[in-house]
There are 2 protein chains.
Amino acid sequence: MEDFLLEHIRRHIPLTDEEGKTVLAAMRRRKLKKKHFLLQEGDVNQSSFFVVSGILRLYSVDANGFEHIIQFAAAGWWMSDMQSLLTQTAGNLYIDAIEDSEVWQVSKPDIDLLYQKIPALERYFRLLAENAVAAYQQRFVSSLSQSAKDRYASFCRLYPGLILQLPQKHIAAYIGVTPEFLSKMLNQLNNPS
Amino acid sequence: MEDFLLEHIRRHIPLTDEEGKTVLAAMRRRKLKKKHFLLQEGDVNQSSFFVVSGILRLYSVDANGFEHIIQFAAAGWWMSDMQSLLTQTAGNLYIDAIEDSEVWQVSKPDIDLLYQKIPALERYFRLLAENAVAAYQQRFVSSLSQSAKDRYASFCRLYPGLILQLPQKHIAAYIGVTPEFLSKMLNQLNNPS
DNA sequence: CGCCTGTCTTAACCTGGATTAAGTTTTCCG
DNA sequence: CGGAAAACTTAATCCAGGTTAAGACAGGCG
């Protein structure tokens with residue numbers, strides 16, 4: 001469990017033991033209870049978050065108080081409000097824990113120091129960001145061109161584990177429908193009478 | 001004009017003249033007529049594209065033949081089907097020119113060589129990818145939580161130059177409505193009788 | 001164990017935006 | 001400069017998905 005992050009990094013770049021220690025020294029660990037926040041609207045996102053266990057969500061809250069989920073992060077995923085993190089200005093997004101979670105975080109200044117000490121990390125985070133871009137592009141295909149039913153099917157195909165793990169209302173907030181409509185939809189799928 | 005790309009890179013990282021030449025040597029230049037394709041569904045995206053002049057679009061075509069625009073790229077923007085580029089497998093997206101354009105491209109093998117010769121490029125492309133992630137996250141806020149009218153307003157705020165430059169039907173395909181509905185909407189905005 | 005809050009369901013009604021189908025510019029290019 | 005194709009508009013009709021409201025069913029906590 002101690003090595004979960006280092007293993008993840010080493011799947012993308014080589015890292016000496018020494019460098020591994022430097023990385024771990026920059027990380028702050030914290031346990032997060034269900035429903036507790038890492039970030040709220042108006043905060044400046046100071047750190048990148050790495051999920052060791054549990055599951056987080058990144059979401060916005062609209063003018064009517066409805067939540068819209070931009071991304072989930074299960075164990076082994078990084079998450080941040082990238083806009084706020086990059087510009088160090090107040091953001092409009094929330095991050096909280098859907099389940100009790102363990103999260104490791106690096107502050108922006110510390111990560112900039114890490115880039116100086118271990119340039120290979122530039123590559124690691126480039127690859128992660130490029131993968132995120134690929135995932136977001138594909139999600140736009142889904143969200144612009146598919147019906148709610150097809151978006152649900154895409155979600156099941158892409159994240160079969162999450163379907164089992166998440167309450168239905170969060171899946172609704174991710175695929176962009178109301179919980180009521182998702183419920184109706186699932187009934188129709190199961191009783192195609 | 002020759003230095004357009006190098007200036008863009010130097011806004012993010014320092015680059016010696018020597019390194020600049022190495023970068024330029026890896027780029028293939030091409031002129032692209034309006035409506036000509038850089039990429040079509042089923043192709044493997046072999047290169048990253050940098051727009052020197054003109055404007056490109058990245059889009060998918062749904063089962064009914066309707067186009068859905070994931071991103072525009074004006075002068076000074078990079079564009080690719082990231083999924084296809086990273087995995088080197090057949091993609092589901094199209095890239096074509098909305099206007100006559102000049103595009104410079106680097107193939108994936110060549111860019112991997114550039115990373116070896118000029119490690120600072122890892123940082124350049126990390127920063128670009130992180131900015132893209134920030135933009136996509138914000139676009140999801142818009143697309144999940146705003147009405148068509150508000151999405152149009154957001155688009156105007158974010159890309160005021162493009163509003164003037166683009167035919168209306170492409171803006172419709174970007175904000176996710178039909179051209180007919182966008183036309184009706186604009187009328188209502190102008191005649192609030 | 002019980003209750004209280006959060007989650008899911010059902011159903012009636014409503015609306016933003018799609019569809020279809022003409023007509024009206026505009027633009028482009030031969 | 002003319003003719004065809006592309007771009008935009010208008011309007012009638014339709015439907016996916018939202019809204020509202022109410023009840024059913026957990027399941028975590030005191």
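**Two chains and a DNA strand**

Chain A is superposed on chain B by a rotation of 180 degrees with 0.0 Å of shift along its axis, at an RMSD of 0.0 Å; the fit is by least squares on the C-alpha atoms of residues with pLDDT of at least 70 in both copies. This is the relation of a two-fold axis. In chain A, A:Arg126 has the C-alpha nearest the axis, 2.1 Å from it. Both copies use the same surface: 100% of the contact residues of chain A recur in chain B.

The model is predicted: local features need pLDDT of at least 70, side-chain atom pairs count only at pLDDT 80 or more, and totals for chains, interfaces and linings use all residues. Residues are numbered from 1 along each chain as its sequence is written, while chains are lettered from A and ligands numbered from 1 in the order in which they are written.

The contact between the chains takes 28 residues from chain A and 28 residues from chain B, where two residues are in contact if their C-beta atoms, placed from the backbone, lie within 7 Å. On the side of chain A that touches chain B, β5 (67-74), α3 (82-87) and α5 (120-145) each supply at least two residues. Helices (H or I, at least four residues) and strands (E, at least two) are DSSP runs, numbered from the N terminus. With 18 residues, α5(A) gives the most to this side. By class, the side has 13 nonpolar, 10 polar and five charged residues; Ala, Val, Leu, Ile, Met, Phe, Trp, Tyr, Cys and Pro count as nonpolar, Asp, Glu, Lys and Arg as charged, and the others, Gly among them, as polar.

Chain A also holds an open sheet of four strands, in the order β1-β8-β3-β6, with antiparallel pairing. Two strands pair if DSSP finds at least two bridges between them. At the edges are β1 (28-32) and β6 (78-79) of chain A, each of which pairs on one side only. Strands β3 (residues 47-53) and β8 (residues 101-107) of chain A run antiparallel and are joined by six bridges. A:Phe50 stands opposite A:Trp104 in β8(A).

The last region is the surface near DNA strand D. Of the 16 residues around this strand, A:Val177, A:Phe181, B:Pro167, B:Gln168 and B:Ser183 come nearest; a residue is near a strand if its C-beta atom, placed from the backbone, lies within 6 Å of it. Two or more residues each come from α6 (148-158) and α9 (179-190) of chain A and from α8 (168-175) and α9 (179-190) of chain B. The largest share, six residues, belongs to α9(B). This surface has six nonpolar, five polar and five charged residues.
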